[in-house]
Amino acid sequence: MDRKELEAKVLELVAACYKKDVATLSVDTTFKEDLAGASVQMVALVSEIENELDATVMLADASGCTTVGDLVDLVEEEL
């Protein structure tokens with residue numbers, strides 16, 4: 001899976017977990033300001049990443065990501 005495919009998949013998972021339209025999201029989307037999600041949504045997102053991408057991502061590491069792009073970087077390291 002190349003970087004663009006990974007970005008697209010992570011954006012799709014973020015959209016599903018945060019109940020947003022994927023077209024409104026980008027790698028520059030911030031979790032706190034733009035998505036304003038609850039921690040339970042991040043838990044769901046990490047679970048989905050593990051299921052869909054077979055990458056083990058620690059919740060603490062994922063929660064430390066500022067943007068979707070940061071999360072893509074983290075997932076890419078685990079693949």
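A residue counts as buried when its relative accessible area is under 20%, and as exposed when that area is over 50%. The exercises below apply these cut-offs to a predicted model.

**Exercise 1. Confidence**

Find the mean pLDDT of the protein, and state in which helices confidence is lowest and highest.

Solution.
- The mean pLDDT of the protein is 96.
- 100% of the residues reach 70 or more.
- Confidence is lowest in α2, with a mean of 95, and highest in α1, at 98.

**Exercise 2. Threonine 29**

Decide whether threonine 29 is buried or exposed, and describe its surroundings.

Solution.
- Locate the residue: threonine 29 sits in the loop between α1 and α2.
- Apply the cut-off: the relative accessible area of threonine 29 is 6%. Because buried means under 20%, threonine 29 is buried.
- List the contacts: leaving out residues up to four places away in sequence, threonine 29 touches Thr24, Asp34, Leu35, Thr66, Thr67 and Val68.
- Look for a polar partner: the side chain of threonine 29 reaches the backbone nitrogen of serine 26 at 2.8 Å.

**Exercise 3. Two loop residues with positive phi**

Classify alanine 36 and aspartate 54 as buried or exposed, and give phi for alanine 36 and aspartate 54.

Solution.
- Alanine 36 belongs to the loop between α2 and α3. Its phi is near 45°, a positive value in a residue other than glycine.
- The relative accessibility of alanine 36 is 60%, so alanine 36 counts as exposed.
- Aspartate 54 belongs to the loop between α3 and α4. Its phi is near 55°, again positive in a residue other than glycine.
- The relative accessibility of aspartate 54 is 69%, so aspartate 54 counts as exposed.

**Exercise 4. Packing of α1 and α3**

Work out how α1 and α3 are oriented to each other, and place leucine 45 in the contact.

Solution.
- Take the geometry: α1 and α3 pack at an angle of about 140°, with their axes 9 Å apart.
- Classify the angle: roughly antiparallel would need over 145 degrees, so α1 and α3 are oblique to each other.
- Add the handedness: α1 passes α3 in a right-handed crossing.
- Identify the residues: from α1, Leu6, Lys9, Val10, Leu13, Val14, Cys17 and Tyr18 take part. They meet residues of α3 including Met42, Leu45, Glu48 and Ile49.
- Examine leucine 45: this residue of helix α3 has 0% relative accessibility and so counts as buried.
- List its neighbours: not counting residues up to four places away in sequence, leucine 45 touches Leu13, Val14, Cys17, Tyr18, Phe31 and Leu71.
- Check one pair: the C-alpha atoms of leucine 45 and phenylalanine 31 are separated by 12 Å, and the two residues are 14 apart along the chain.

**Exercise 5. Helix α5 and its cover**

Name the buried residues of α5 and describe how α1 crosses α5.

Solution.
- In α5, residues 68-78, the buried residues are Val68, Gly69, Leu71, Val72, Leu74 and Val75.
- Their cover includes α1 (3-18), α2 (31-35), α3 (39-53) and α4 (59-63).
- The axes of α1 and α5 come within 10 Å and cross at roughly 120°. The two helices are therefore oblique to each other.
- The crossing of α1 and α5 is right-handed. Arg3, Leu6, Glu7, Val10, Leu11 and Val14 of α1 make the contact with Val68, Gly69, Leu71, Val72, Asp73, Val75 and Glu76 of α5.

Methods:
Residues numbered from 1 in each chain as written. Predicted model: local features only at pLDDT ≥ 70, side-chain atom pairs only at ≥ 80, totals over all residues. Heavy atoms only, no water. Buried < 20%, exposed > 50% of the residue type's maximum accessible area, 1.4 Å probe, protein only. Helix = DSSP H or I, 4+ residues; strand = E, 2+ residues; numbered from the N terminus. Contact = heavy atoms within 4.5 Å. pLDDT = per-residue confidence, 0-100. Polar contact = N/O pair within 3.5 Å; in protein donor to acceptor, adjacent residues only side chain to side chain. Axes fitted to C-alpha atoms, helices over the stretch in contact; angles between N-to-C directions. Parallel < 35°, antiparallel > 145°, perpendicular 65-115°, else oblique. Left-handed = near helix turned anticlockwise from the far one by under 90°.
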